[in-house]
Structures are given as structure tokens and as C-alpha cells.
Amino acid sequence: MLIVWGRKNSSNVKKVLWCLEELNLSYESKEVGGPFGGLDTPEYRKMNPNATIPTLQDERFTLWESNSILRYLTAKYDQSHLLIFNDAQDMAAADKWMDWSGANLFAVIKEMMNKIVRVPVEQRDPTQVIKIYQNIEQLLQIADEALAQQEYFSGHKFGIADIAIAPLFYPWRELATDRPEFPHLERWYQQLQARPAFQKIVMLPIN
Ligand SMILES: N[C@@H](CCC(=O)N[C@@H](CS)C(=O)NCC(=O)O)C(=O)O
């Protein structure tokens with residue numbers, strides 16, 4: 001049995017649950033982290049010494065880092081290549097966006113969540129708020145230009161790079177006021193919205 005540890009409204013947990021749904025795999029979800037707590041216990045730290053979510057258990061095998069989990073799940077369970085490519089260059093081109101989003105986009109979305117969304121309006125630092133949104137928009141400009149050239153971040157078909165990016169994009173799109181126009185990202189987002197697994201896993205209230 002596959003077990004996913006992590007609260008369902010975390011962007012990084014959403015990636016894993018969405019991937020499992022797209023692959024039609026059954027799994028058990030154990031909500032830890034945030035208001036659920038449970039990360040700072042010896043048992044959890046034994047599975048994931050970072051005390052972060054998500055953590056995946058596949059029988060005796062344990063894995064942390066959401067993008068590594070996506071790679072593992074598809075390597076092991078996506079024999080028909082629904083979400084990945086056979087071709088090394090196609091796959092590397094998708095992988096690049098996964099690494100980009102994990103290193104760059106996650107950092108700025110995390111700032112938006114921790115310094116804007118979860119802070120009462122009167123306690124926010126207006127200069128910092130502007131800077132955080134500018135940093136996000138700079139990255140989204142790169143992403144938007146890429147989607148002018150290709151249908152998905154994964155390439156010519158939907159895949160794990162899209163699963164890695166969309167749960168990070170979603171809170172910004174839902175919450176940012178005065179969003180600049182990113183027409184290609186918007187077209188991509190509309191395509192994702194048509195996917196039942198995206199609706200079920202990603203489109204949750206943000207907090
Ligand atoms: N690079 C890690 C980041 C993990 C991470 O920072 N997860 C956040 C949630 S998105 C977390 O554990 N927060 C603590 C909490 O929710 O209690 C990954 O992609 O898995």
C-alpha cells in the first residue's frame with residue numbers, strides 16, 4: 001500500500017496526490033504538518049529527517065522531496081508513459097522545469113504564503129509584499145514565454161513537470177490581486193482545470 005504523509009492543502013503534497021490520481025493508483029493519505037502537527041516526532045523524523053511534507057511510503061521504501069517522489073512514482077508505476085517520455089531529451093526537457101520550480105518558484109510562493117497570505121493585512125510589510133509579487137512575476141514571465149513555444153511544461157503532452165508546477169501556480173492565481181496578463185499560462189491553466197484529478201486535488205481552499 002502506498003501511504004502519503006502530509007496535509008492535503010500543501011502544494012508539495014498536492015503534487016504527489018495528483019500524480020497518484022492520474023496514474024489511478026490507490027493510496028492512503030495521512031494528514032500531518034500545519035495544524036495537524038506530527039512532524040517533530042522521532043517516528044516521523046526517522047522517515048523524513050527534514051520534518052517536512054510530503055513523505056511517501058511504498059511498503060518498506062520511504063522517500064521525501066516531492067519532485068523525487070513524482071519521479072519515483074512514474075518510474076515504477078507509469079509503464080504506459082502517461083506522464084513521462086521514453087526519449088531522453090524529451091524527458092530531460094521536462095525534468096528541467098521540475099528542478100526550476102522546486103528551486104525557484106517554490107521559494108517565492110513559500111514567501112507569498114508565509115509573509116502575505118498567513119499574515120493579517122495590517123501586519124504585512126507593504127514594501128516586502130510588492131517585492132515578493134515582483135519576484136513571482138519575474139519567474140512566471142519565464143514560464144509564460146516557455147508556454148508560447150510548447151503546449152505543456154512537460155512538452156507536447158501533459159506530464160510530471162505540469163504536476164510539479166501547477167500546485168505552486170494555483171495559490172498565486174487564486175490570491176494575487178492585480179495579476180499581470182500571462183496568456184500562455186492562462187491557456188495552460190484552463191487545460192488543467194478540465195482534468196478531474198486537478199479539480200479534486202489541487203483546487204482546494206488556500207490557507
Ligand atoms: N523541497 C521539499 C519542500 C518540503 C516543504 O517545505 N514542505 C512544506 C509544505 S509545502 C512543509 O513541510 N511545511 C511544514 C508544514 O506544513 O507543517 C519538497 O518538495 O518536498
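Student: What shares of helix and strand does the chain have over residues 1–81?
Tutor: This is a predicted model in which local features need pLDDT of at least 70, side-chain atom pairs count only at pLDDT 80 or more, and totals for chains, interfaces and linings use all residues. Residues are numbered from 1 along each chain as its sequence is written, and side-chain values use heavy atoms, with hydrogens and water left out. UniProt lists residues 1–81 as "domain: GST N-terminal" in an unreviewed entry, in the numbering used here, with names shortened and annotations possibly inferred rather than shown by experiment. With helices (H or I, at least four residues) and strands (E, at least two) taken as DSSP runs numbered from the N terminus, this span, whose end C-alpha atoms are 22 Å apart, is 37% helix and 20% strand.

Student: What are the helix and strand shares of residues 87–207?
Tutor: In the unreviewed UniProt entry, residues 87–207 are listed as "domain: GST C-terminal". The end C-alpha atoms of this span lie 39 Å apart, and its composition is 70% helix and 0% strand.

Student: Which residue is joined to Ile-53 by a cis peptide bond?
Tutor: Most peptide bonds are trans. Here, however, omega is about 5° at a bond after Ile-53. The partner lies in the loop between α2 (42–47) and β3 (55–58), and the residue joined to Ile-53 is Pro-54.

Student: What is the phi of Glu-65?
Tutor: Most residues other than glycine have a negative phi. Glu-65, found in the loop between β4 (61–64) and α3, is not a glycine, yet its phi is positive, at about 80°.

Student: Which residue has a side-chain N or O atom 2.6 Å from an oxygen atom of the ligand?
Tutor: The residues around the ligand (a heavy atom within 4 Å) include Gly-34, Ile-53, Pro-54, Glu-65 and Ser-66. Polar backbone atoms of Gly-34, at 2.7 Å, and of Ile-53, at 2.8 Å, face ligand oxygen atoms. The side-chain contact at 2.6 Å comes from Ser-66.

Student: Between which domains does the largest pocket lie?
Tutor: The largest pocket is lined by 34 residues, with Ser-10, Asn-12, Ile-53, Phe-106 and Lys-110 nearest its centre. Helix α4 supplies the largest share of that lining, six residues. Because both domains, with bounds from an automatic or database assignment, give residues to the lining, the pocket lies between domain 1 (2–77) and domain 2 (88–195).

Technical notes. On a 1 Å grid over the protein atoms alone, a cavity is a set of points where a 1.4 Å probe fits but cannot get out, and a pocket is an open set with protein on both sides within 12 Å along at least five of seven lines; lining residues have an atom within 4 Å of a point. A polar contact is a pair of N or O atoms within 3.5 Å; within protein, one must be able to donate a hydrogen and the other to accept it, and residues adjacent in sequence count only if both atoms are side-chain atoms.
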